Amino acid sequence: MLVLGPQTSQSLAPLTRGRGSVVFIQAQIPGLSPILIRATTEPAKLLREIDADMPIETFWIGWIPNDAARELASALAEQHKAARIRGDWFTPTAELLAYV
């Protein structure tokens, strides 16, 4: 697992932009710390947008470059559906954290 804040992830933007990816972003909420699983072609931009909308810190904790990112994100959501909180947000179960 890697943990990158919005500033650090910006330095990776040129390497990830335009490439299909599944990203894992964790919100630092005491006692919960949910994980977002989402397909995107701009991971750094997604983290910036989510971080700006959240009242707490968020971190980029994982990234899978994949040309079929949408399908992979859907498959991961299905695999971890018991941990789904709402939308693309999931409880950080041991299985999900091990995958990330």
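A polar contact is a pair of N or O atoms within 3.5 Å, and within protein one of the two must be able to donate a hydrogen and the other to accept it. With that in mind, and remembering that what is on the screen is a predicted model, the tour can start at a single serine.

**Stop 1: Ser21**

Select Ser21 together with Trp63, and look at the two side chains, which make a polar contact at 2.8 Å. Ser21 belongs to strand E1, which covers residues 21–27, and its relative accessible area is 0%, so it counts as buried, the limit for that word being under 20%. To see what surrounds Ser21, leave out residues up to four places away in sequence and display its remaining contacts, which are Arg38, Ala39, Thr40, Pro43, Trp63, Ile64, Pro65, Asn66 and Ala69. Two residues of that group sit across from Ser21 in other strands: Thr40 stands opposite Ser21 in E2, and Pro65 stands opposite Ser21 in E3.

**Stop 2: the rest of strand E1**

Now extend the selection from Ser21 to the whole of E1, where seven of the seven residues are buried. In a regular strand the side chains alternate between the two faces of the sheet. In E1, Ser21, Val23, Ile25 and Ala27 point one way, while Val22, Phe24 and Gln26 point the other way, and the residues of both groups are buried. What joins E1 to E2, and how do the two strands run? Six bridges join them, and they run antiparallel. On the other pairing, E1 and E3 are likewise antiparallel, and here seven bridges make the connection.

**Stop 3: the sheet and the helix packed on it**

Colour the strands next, and follow the open sheet of five strands in the order E3-E1-E2-E5-E4, in which the pairing is antiparallel. Strand E3 (58–65) and strand E4 stand at the edges, and because each has a single partner strand, one side of each is left without a neighbour in the sheet. At the E4 edge, strand E5 (residues 89–90) pairs with E4 in the antiparallel sense over two bridges, and within this pairing Arg86 stands opposite Trp89 in E5. Then add helix H2, residues 43–53, which packs on the sheet and touches E1, strand E2 (35–40), E3 and E5, its direction making about 155° with that of E3.

**Stop 4: the salt bridges**

There are three salt bridges to find in the structure. Begin with Arg38 and Asp88, whose closest N and O atoms are 3.0 Å apart. Arg38 lies in strand E2 and Asp88 in the loop between E4 and E5, so this pair ties together parts that are 50 residues apart in sequence. Arg38 is partly exposed at a relative accessible area of 29%, and Asp88 is also partly exposed, with a value of 29%.

Return to helix H2 for the salt bridge between Glu49 and Lys45, in which the closest N and O atoms are 4.0 Å apart. Why are these two separated by about one helical turn? The reason is that Glu49 and Lys45 are four residues apart in helix H2. Glu49 is partly exposed at 41% relative accessibility, and Lys45 is partly exposed at 36%.

For the remaining salt bridge, select Lys81 and Glu78, where the closest N and O atoms are 2.9 Å apart. Lys81 is exposed, with a relative accessible area of 52%, whereas Glu78, at 48%, counts as partly exposed.

**Stop 5: His80**

While in this region, select His80, which lies in the loop between helix H3 (69–79) and strand E4 (84–86). Is His80 buried or exposed? Its relative accessible area is 8%, so His80 is buried. Setting aside neighbours within four places in sequence, the residues in contact with His80 are Phe90, Glu95 and Leu96.

**Stop 6: back to Trp63**

The structure holds two aromatic pairs, and one of them, formed by Trp60 and Trp63, is edge-to-face, with 6.3 Å from centre to centre and 70° between the planes. Trp60 is buried at 1% relative accessibility, whereas Trp63 is partly exposed, with a relative accessible area of 29%. Selecting Trp63 brings the tour back to its opening view, since the side chain of Trp63 makes the polar contact with the side chain of Ser21.

How values were computed
Residues are numbered from 1 along each chain as its sequence is written. This is a predicted model: local features need pLDDT of at least 70, side-chain atom pairs count only at pLDDT 80 or more; totals for chains, interfaces and linings use all residues. Side-chain values use heavy atoms; hydrogens and water are left out. Buried means under 20% relative accessible area, exposed over 50%, partly exposed in between (1.4 Å probe, protein chains only). Contact means heavy atoms within 4.5 Å. Two strands pair if DSSP finds at least two bridges between them. Axes are lines fitted to C-alpha atoms, for helices over the stretch in contact, and angles run from 0 to 180 degrees between N-to-C directions. A salt bridge is a side-chain nitrogen of Lys or Arg within 4 Å of a carboxyl oxygen of Asp or Glu. Rings of Phe, Tyr and Trp (its six-membered ring) pair if their centres lie within 6.5 Å; planes under 30 degrees apart count as stacked, over 60 as edge-to-face and the rest as tilted.
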